[in-house]
Amino acid sequence: MQIAMLIGGSEILTPSPLSPQELQEICGQGYTLFSAPWVPQADNQMYNGDLMLRDDARLAAAVGCAIDCEYAPDHHPLFVLPDVSFDADQVTLIARFLDGLCAAPSGDALRVVPMVLDSLHISAEDVTAQSRFIDALAKSVDPSRVRFSDTIAKHIKVPTSEGTETSVLRNLAIRDIAEILIGQLAQSGVRIARDDAQKKVARLWRKMADASMQICAYRHAVFAARMADMILLDLAQNVRVKG
Amino acid sequence: MATLDVLIPHFNDSHGLDLSLASIARQTWGGSLRVIVVDDGSCADELAQAERVILASPLEIDLIKSAQNEGRPVTRNTLLDAAEAPFLAWLDAGDIWYEGKLQAQFHCIYQMIHAGIDLDSIWVTCNYDWKWEGRRRYKVQQNVGGDQLKDLFVGDKLRAYLWTLLGTRAAFNLTSRFDERLPRLQDLDYFISFVRVGGQIVAPEGTASHCCYLKSDVGRNASEIRACYATIFNKHKASLMGYGPQVTRRVRAKSDFVVARFAANNAAPILAAQYKLNAFINDPKYALYRLKTSLMRG
C-alpha cells in the first residue's frame, strides 16, 4: 500500500480548496485526492486534516481497507494537510493514523511519499517547519509497518496573465486582499482575525464569480479599501439604538 | 488478484447476461473486479451467443462451462469454489445493478469496520426495484432493523435475494453451501442458514434502490416451488417453530400465496385456487387481509 501526503502550503491550498483535478496536475496523474464521504461529518471536508487527526484507530483501519479496495497498484491516494501546526501532538496523531492504516485486511506495509509545494509564495520558515514535521513523523511511526520515501517538492507555476482564473491564483489574491483589508480596518480602529478576513474575501469572491465579475489583479488595494468601507457601513446600518 | 469477484450463474439467457455485464461495467466504484460466469449447460446457440457477449465486454471475465444442466444450486456452489477475491458479490443473468450499487455497499463496509464489526460475519444487502414484465418498477425496501430470522421467514420486510449482496468471501463461506435439493428458493435457505449461524445482514444508509429485479414467473413450476418451501420449512423447523404457532401459520399461508401466484401466472388457475384455499386454512385472518387488499387494489 502506498500513499502520498502533501504537507503544508496553506498559502496556496486555502482558503478556497483546489479541485481534485488541480491537485492531480500538481502531484502527478498517479495520485488522486482521498475522500471518505462515508465518514460522519466529513461532507464539508475538502482536505484530509480532520480525518487524520481524529485519533480513531478503527477509522484508520477503515480508511486502510478503502485504500486496499479502491486503488490500483499504480494509482495512489493523496492526503492533503495544508494547515498542520507542526507540533508534537499532531505528529503523534498522524503517526498513529499511518500505523492504523496497516490494520486493513491485507495487512500490507505502508509506503508514504511526502510532498511539499515549491513556491516563492511559501515562506522559508514554513519550508523549515514542513521539513522538521516530516522528519519527526518518519521517526514516530512503526518502522516495521510504515516506511517514508524521500520528500518530493512539487513546483507550482502561478499564471501571471490577467483574466486567467485558477484556484492557486485565487487563493493568493484572496490572501493579498485580506492582508490589505486587515490594515484598512485597523486604520479605522477595527481588528479582524486573519482567518475571518480571508473567509469574508473568499465569500465575496464567490458571489462576484457567480455574477461573472472579477477583481482586477493590480487593484487589490482599491478593492480592499472599498470592502473595508462596506463592512463598516453594513455594521453601522445594522446597529439599532434603543431610545 | 482482483478485490471483488462478481459471481453470475447463466442458463440460456445471453441477452440477460449482456444486460447484467453492462450494468457491472457502468459501476462508479473504482476498485478492481473480475466476473466469473458459470454456464449451466446452455444450448449450443445460447452458449455461443453468451461467449460473444463475454468477448465484447470490457470486463475481465472467466467463463466456466458445465457440460450439462445441473441446476442453480450446483452452479452457485461452483461459483463459490471458483471465487478467490477477498470480496464477493452476486448477480443473476438478466438482473441489473444501478451504477452506484457497489460504491454504496463498499461505503457501508468501511462504516462497519469503523463501527468495529467483524466483516466476516456480515452481508451487505440493498434496496432494489422490482419490475414485472410490462409493468412499472416499484421500490422494495430491505428493512434490516428487526428480527432478521423472523423477517426472512415472513418475507415482507427483508427478502432473500442473493443479487443484492456484497460481502467477504469468508462471510459467504460462513454458512453451509447452497442446498442442492432446492432447484428454487435456494437464496432463502442460504439467507436463513447464514442468520442462524450468527450472520448479520446490513444495508447502506438511505432509501435509494441500487439494483433491479426483472421479474417473471413464466415457466416456473408452482408445485416445485411448493416442494422447495416444504424442504426449507422442514430444514429450519426448530427456528420457525420457536416463533410460535401464529407466525408459523402466517409463514405457511404467505408461501401458499406466493405459490398460488406462480400457478396463476402459468395458466393453472385451479391449482392457484387450491393454494389460496390452503392459505385460508393455514391463516384465515391473513388470507382475508390479502383478499381485502387485493379487492381494494382492483
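Let's start in chain A of this predicted model, where A:Asp55 sits in the loop that joins α3 (49-52) to α4 (57-70). Its phi is near 55 degrees, a positive value in a residue other than glycine. Most residues other than glycine have a negative phi, and most peptide bonds are trans. How buried or exposed is A:Asp55? With 14 other C-beta atoms within 10 Å, A:Asp55 is partly exposed.

Further along the chain, look at A:Ser212, in the loop between α8 (194-210) and α9 (220-237) of chain A. Here too phi is near 55 degrees, a positive value in a residue that is not glycine. A:Ser212 counts as exposed because just 6 other C-beta atoms lie within 10 Å, and the cut-off for exposed is 12 or fewer.

Now turn back to the loop between α1 (10-13) and α2 (20-27) of chain A, which holds A:Pro15. The peptide bond leading from A:Thr14 into A:Pro15 is cis, with omega near 10 degrees.

Chain B offers a pair of helices to follow. Two packed helices are described by the angle between their axes and the distance between the axes. For α8 (residues 222-235) and α10 (residues 244-264) of chain B, the axes come within 8 Å and cross at roughly 160 degrees. α8(B) is therefore roughly antiparallel to α10(B), as angles over 145 degrees count as such. The crossing of these two helices, α8(B) and α10(B), is right-handed.

Which residues of α8(B) and α10(B) meet? From α8(B) come B:Ala222, B:Ile225, B:Arg226 and B:Tyr229, and they meet B:Ser255, B:Val259, B:Phe262 and B:Ala263 of α10(B). By class, this contact has six nonpolar residues, one polar and one charged.

How values were computed: Residues numbered from 1 in each chain as written. Chains lettered and ligands numbered in written order. Predicted model: local features only at pLDDT ≥ 70, side-chain atom pairs only at ≥ 80, totals over all residues. Axes fitted to C-alpha atoms, helices over the stretch in contact; angles between N-to-C directions. Helix = DSSP H or I, 4+ residues; strand = E, 2+ residues; numbered from the N terminus. Parallel < 35°, antiparallel > 145°, perpendicular 65-115°, else oblique. Left-handed = near helix turned anticlockwise from the far one by under 90°. Contact = placed C-beta atoms within 7 Å. Nonpolar A, V, L, I, M, F, W, Y, C, P; charged D, E, K, R; others polar. Buried ≥ 20, exposed ≤ 12 C-beta atoms within 10 Å, placed from the backbone.
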